[in-house]
Amino acid sequence: MKWNSRNIAPPENWDRSGLPAWSYHSDAFLELEKEHVFRTHWLIACHISDVPGPGDYFTFDAVGERAVIVRGTDGVLRGFHNICRHRGSRVVADEKGTCKNALICPFHGWVYNLDGTLRGAARPNSFPELDKNEFGLIPLELETWMGFVYIRFKKGPQPSVAEMMQPFAEEAALYKMEELLPASGVTDMISEVNWKSVRDVDNEGYHVPMAHPALQDLYGAAYYDEPWVGGTTRSFATFNPHAGRLWSVRNYINLQPETTHLPEHLQKAWGYYGLFPSNVIIFMPEAIQFYNEVPLSTGQTLLRGASYKYPWESRRQRATRYLIDRIDRATIEEDVQLTIWSNEAMKSKSFAGFYLSDLEYGVKTYHDQLRQVLPVLTLKDEPEEARLAEINAEMLAAKAEKAGQQAAE
Ligand code: FES
Ligand SMILES: [Fe+2]
């Protein structure tokens, strides 16, 4: 049996039980996740077409941090913490917009150049001399990969996005993602579940035949998920030869024009690239989408996403993109319900843990990556909340020491 494009089959006797239930509702653990998963790993903020010209900016808040992405007068895209060096106000209040050639803090009016340096304080005589660089906006890491803008609030264990996504670079390049234009704008919604329940549903296609009638109709027979390897995953499906039981799928298939920028094997297929911790790019013949989720609290998650179109879009492609939106809306609603049911179980005294199928090996390999950065997840019983961070730090130190010893041998 060919499992997936990297042809990785689950080993015999793998642990099918998933993460401990306590990790889905522990406040102390969420603090560790914010630091070790979300602040220190790459997150997609937007696409370059969301900030096309000099002075265009886009803001993105996650886990208590605030980012502003701004294109300079030199055309260069830069990322900064959206924190004024005077008293910490947001320098940019709107989610998205254009400024002339400076960012002006709405609190007392400090002015920053688009390269982040301080242009000047209001009433400068009331301060000692302010160094333009020392009091500039604090930069954060920003990388664009295939047109998508990734940011990282703090340095962490991941290498560059390009390095991790390298296995998919050749295929992704065929989609000319740098040329995309915004179709929906970046939108978000709040779901009343722990963020890991969102991931657990997203990391497997075993639920597609039962829970997603439209996706099953469109591509269910050929769908497969790769396990997570090196921080990435890929899922892929070509359309079913007899797809079209449902109105939206039938019209989508019938209307779909030839997609001239793609080779034949990708013209009737959808696929998904995942990048740890929560980024997904969906590639389709007439549209590209991204989504990611970030925790708001142990029981609330912000689901973000956007859809992009091609500048050469035909009327038929516009129509098929509309049908994709219909299929998506149904799919998202179905998934949100599944995440709620799964998440509820984590507080039940009777829940004995997952028992995963070989087709859900992506869930297990994702959990493995979380255990790498948060080894405290290997503890079946919830440690004392007050000691959780300390125990995790000890376990990380012990792991690092062991790795050091192995390297020396
Ligand atoms: S906080 Fe920005 S100018 Fe005062
Ligand atoms: Fe789903």
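Buried means under 20% relative accessible area, exposed means over 50%, and partly exposed lies in between, with a 1.4 Å probe and protein chains only. I will use those words throughout.

What you see above is a predicted model, in which local features need pLDDT of at least 70, side-chain atom pairs count only at pLDDT 80 or more, and totals for chains, interfaces and linings use all residues. Residues are numbered from 1 along each chain as its sequence is written, chains are lettered from A and ligands numbered from 1 in the order in which they are written, and side-chain values use heavy atoms, with hydrogens and water left out.

Let me start with the metal. Which residues coordinate the iron ion (ligand 2)? They are His-207 and His-212, each through NE2, and Asp-335, which is listed twice through OD, at 2.1 to 2.6 Å. A donor here is an N, O or S atom within 2.8 Å of the metal (3.2 Å for Na, K and Ca), and since water is not among the atoms, sites may look incomplete.

The arrangement around the iron ion (ligand 2) is irregular because its four donor atoms subtend angles of 55 to 151°. For four donors, tetrahedral requires all angles between 85 and 135 degrees; four count as square planar and six as octahedral if opposite donors are over 155 degrees apart and all others between 65 and 115; anything else is irregular.

Along the chain, the donors of the iron ion (ligand 2) follow the spacing H-x4-H-x122-D. His-212 and Asp-335 link distant parts of the chain, 123 residues apart: His-212 is in the loop between α4 (208-211) and α5 (213-219), and Asp-335 is in helix α8 (residues 315-345). Helices (H or I, at least four residues) and strands (E, at least two) are DSSP runs, numbered from the N terminus. His-212 is buried at a relative accessible area of 2%, and Asp-335 is also buried, at 17%.

Next, the largest pocket. It holds about 1,100 Å³ of space. Among its 47 lining residues, the closest to the centre are Ile-282, Gln-289, Tyr-291, Asp-328 and Ile-332. Helix α8 gives the most to this lining, with nine residues. By class, the lining has 19 nonpolar, 15 polar and 13 charged residues.

Now the terms for that part. On a 1 Å grid over the protein atoms alone, a pocket is an open set of points with protein on both sides within 12 Å along at least five of seven lines, and lining residues have an atom within 4 Å of a point. Grid points are joined across faces, edges and corners, and the volume is the space filled by probe spheres set on the points. Ala, Val, Leu, Ile, Met, Phe, Trp, Tyr, Cys and Pro count as nonpolar, Asp, Glu, Lys and Arg as charged, and the others, Gly among them, as polar.

On to charge pairs. How many salt bridges does the structure hold? There are 18, where a salt bridge is a side-chain nitrogen of Lys or Arg within 4 Å of a carboxyl oxygen of Asp or Glu.

One of them joins Asp-61 and Arg-90 at 2.6 Å, N to O. This pair links distant parts of the chain, 29 residues apart, with Asp-61 in strand β2 (residues 56-62) and Arg-90 in the loop between β4 (77-81) and β5 (96-98). Asp-61 is partly exposed at 32%, and Arg-90 is partly exposed at 28%.

Glu-141 and Arg-152 form another salt bridge, with their closest N and O atoms 2.8 Å apart. Glu-141 is in strand β9 (residues 139-145) and Arg-152 in strand β10 (residues 148-152), eleven residues apart. Arg-152 is buried, at 4%.

Arg-371 pairs with Asp-368 at 2.6 Å between the closest N and O atoms. These two are about one helical turn apart, because they sit three residues apart in helix α9 (residues 361-373). There is also a network of salt bridges linking Glu-35, Arg-39, Glu-65 and Lys-154.

Last, the backbone. Most residues other than glycine have a negative phi, and most peptide bonds are trans. The peptide bond from Phe-276 to Pro-277 is cis, with omega near 10°, and Pro-277 lies in the loop between β15 (269-275) and β16 (279-283). Arg-123, not a glycine, has a positive phi of about 50° and is exposed, at 71%. Met-146 also has a positive phi, near 50°, but Met-146 is buried, at 13%.

Key:
1 Å grid on protein atoms, 1.4 Å probe; cavity = no way out; pocket = protein on both sides within 12 Å on 5 of 7 lines; lining within 4 Å.
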